[in-house]
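Trainee: I am new to this model and would like to look closely at one part of it. Please pick a starting point and follow what it is joined to, with each term explained once.

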Amino acid sequence: MGTRVCHVFIIGCKGIPAKYGGYETFVDKLTEYHEDDDEIQYHVACKSDRSCEFTYHNAACFGVHVPNIGAAQAVSYDIMAFRRSLSYIKQHRIERPIVYMLTCRIGPFLRPLYRELHRLGGVLLVNPDGHEWLRAKWPEPVKKYWKLSEALTVRFADLLICDSINIERYIKTEYRKYSPNTRYISYGAEVYSRLGDDPSGKIVEWLERNRLKDHGYYLIVGRFVPENNYETMLREYLASSTKRPLVIVSNVDKNSRFWKELRQKTRFDQDPRVQFVGTIYDQELLTEVRAHAYAYIHGHEVGGTNPSLLEALGSTSLNLLLDVGFNHEVGLDAALYWTKKNGSLRTLINSVDTLPQAEIEQYSKRAKARISSGYSWDLIASSYKKLFADICGSAHSRSSEIDEDD
């Protein structure tokens, strides 16, 4: 008797190959590490301007074309991808299929999709991401929709896979009335292994072009949004006495209200130490930009385990993290911490600016060990392999009988 193939349908990411984004990189890596595994068949929805099918890392990718209907486009994309997955499952009579939905966008529309999946013998897995409803970019009605959608998604999910211990704790506490079934499996990263005295031509050229010295700059990498605390980081850096420049790698829109308000509040444009260098899409170069920084400053406070943080710990020697639960559970004693209290980050920058090299190397070793022991892609891929095997090899699922009045 042949080996049972576990069919996993992934919806919610923009698609692979990954060009940007945490979910996209996650799916890219997961399919890469399972590329030669004949017991798992991935089916990945990809946002596209046309319907199409192609293979990548042995995953069966299918393009989903969604009309440009503004903010509702992402919701429509997830619904259409879910329906396409259900049609494929029915057409090919797949036994015990898994639909793995990334984020909680379609909670209000999930009941009929969930029930149909259960009728087909399938299981719904959800990665709830972070607190999307807290993001400052959303107007109040959208925030309310996100919170409702999160609640309904938790209600219908057979299993919620949380990439953060703090997110798992939040789900279990906030939605205890649903008795949510959760499991912690983190996001992954890789440890930078190139020798320090052997930089690539890419990083040498990048440093020269931006007039930077090797290990001579502070670095911020992240989306240019208020909840990543750019105002605090810039204000505190500008108040510090360091002569090392601050390099910001981000998708900055200089016509945006946020940019204009930030410039007005902090006057960062009047300090030549601050350099906005745009987005770096070349992942190899971005890794080296991290590895050749003096220190990385991380201000994210909304979300679960942040990919930028893991990548920094795997490459940057010194990591200065905003002291919130999501960041502390990852960094532990491999990083240094600051708060949004006035003077906190400024004091930390002044302190680490003259840190002895031996201490820097100790932080670097602890950071890389943290990634190797708890966040390697090998570990993450193995955890998912075991999870999928357990589900496909059992009748795992919650009851499909949902009270209509619930």
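A loop and its surroundings

Mentor: Start with P17, which sits in the loop that links β1 (6–11) to α1. Those names come from DSSP runs, numbered from the N terminus: helices are H or I of at least four residues, strands are E of at least two. The model is predicted, so to speak of a local feature pLDDT must be at least 70, and side-chain atom pairs count only at pLDDT 80 or more, while totals for chains, interfaces and linings take in all residues. Residues are counted from 1 along each chain as its sequence is written, and side-chain values rest on heavy atoms, leaving out hydrogens and water.

In this loop the peptide bond between I16 and P17 is cis, with omega at about 0°.

On one side of the loop lies β1, part of an open sheet of 8 strands. Read across, the order is β3-β4-β2-β1-β5-β6-β7-β8, and the pairing is mixed. Two strands count as paired if DSSP finds at least two bridges between them. At the edges stand β3 (53–56) and β8 (182–184), each pairing on one side only. Neighbouring strands are turned against each other by 25° on average, direction ignored; axes here are lines fitted to C-alpha atoms, for helices over the stretch in contact, and angles run from 0 to 180 degrees between N-to-C directions.

Take the two edges in turn. The loop from β3 to β4 (59–65) holds H57. This residue has a positive phi of about 55°, although H57 is not a glycine. At the other edge, β8 pairs with β7 (residues 159–162) in the parallel sense, over 3 bridges. Within that pair, L160 stands opposite T182 of β8. Helix α5 (residues 165–174) lies across both β7 and β8, and runs at about 170° to β8.

On the other side of the starting loop is α1, and this helix leads to the second largest pocket. Which elements give two or more residues to its lining? The lining has 20 residues, with K29, E190, Q283, T287 and E311 nearest the centre of the pocket. The elements in question are α1 (22–33) and α9 (283–291), and α9 gives the most, with 4 residues. A pocket is an open set of points on a 1 Å grid where a 1.4 Å probe fits, with protein on both sides within 12 Å along at least five of seven lines; a lining residue has an atom within 4 Å of a point.

From α9 the path goes on to α6 (residues 201–209). The axes of these two helices come within 9 Å and cross at roughly 65°. In the contact (heavy atoms within 4.5 Å), α6 brings K202, I203 and W206, and these meet E284, L285, E288 and V289 of α9.

A further open sheet completes the tour. Its 6 strands follow the order β11-β10-β9-β12-β13-β14, with parallel pairing. Here the edge strands are β11 (274–278) and β14 (336–338), each with pairing on one side only. The twist averages 25° from one strand to the next. For one pair in detail, take β12 (residues 295–298) and β13 (residues 318–322): they are joined in the parallel sense over 4 bridges. A295 has L318 of β13 as its bridge partner.
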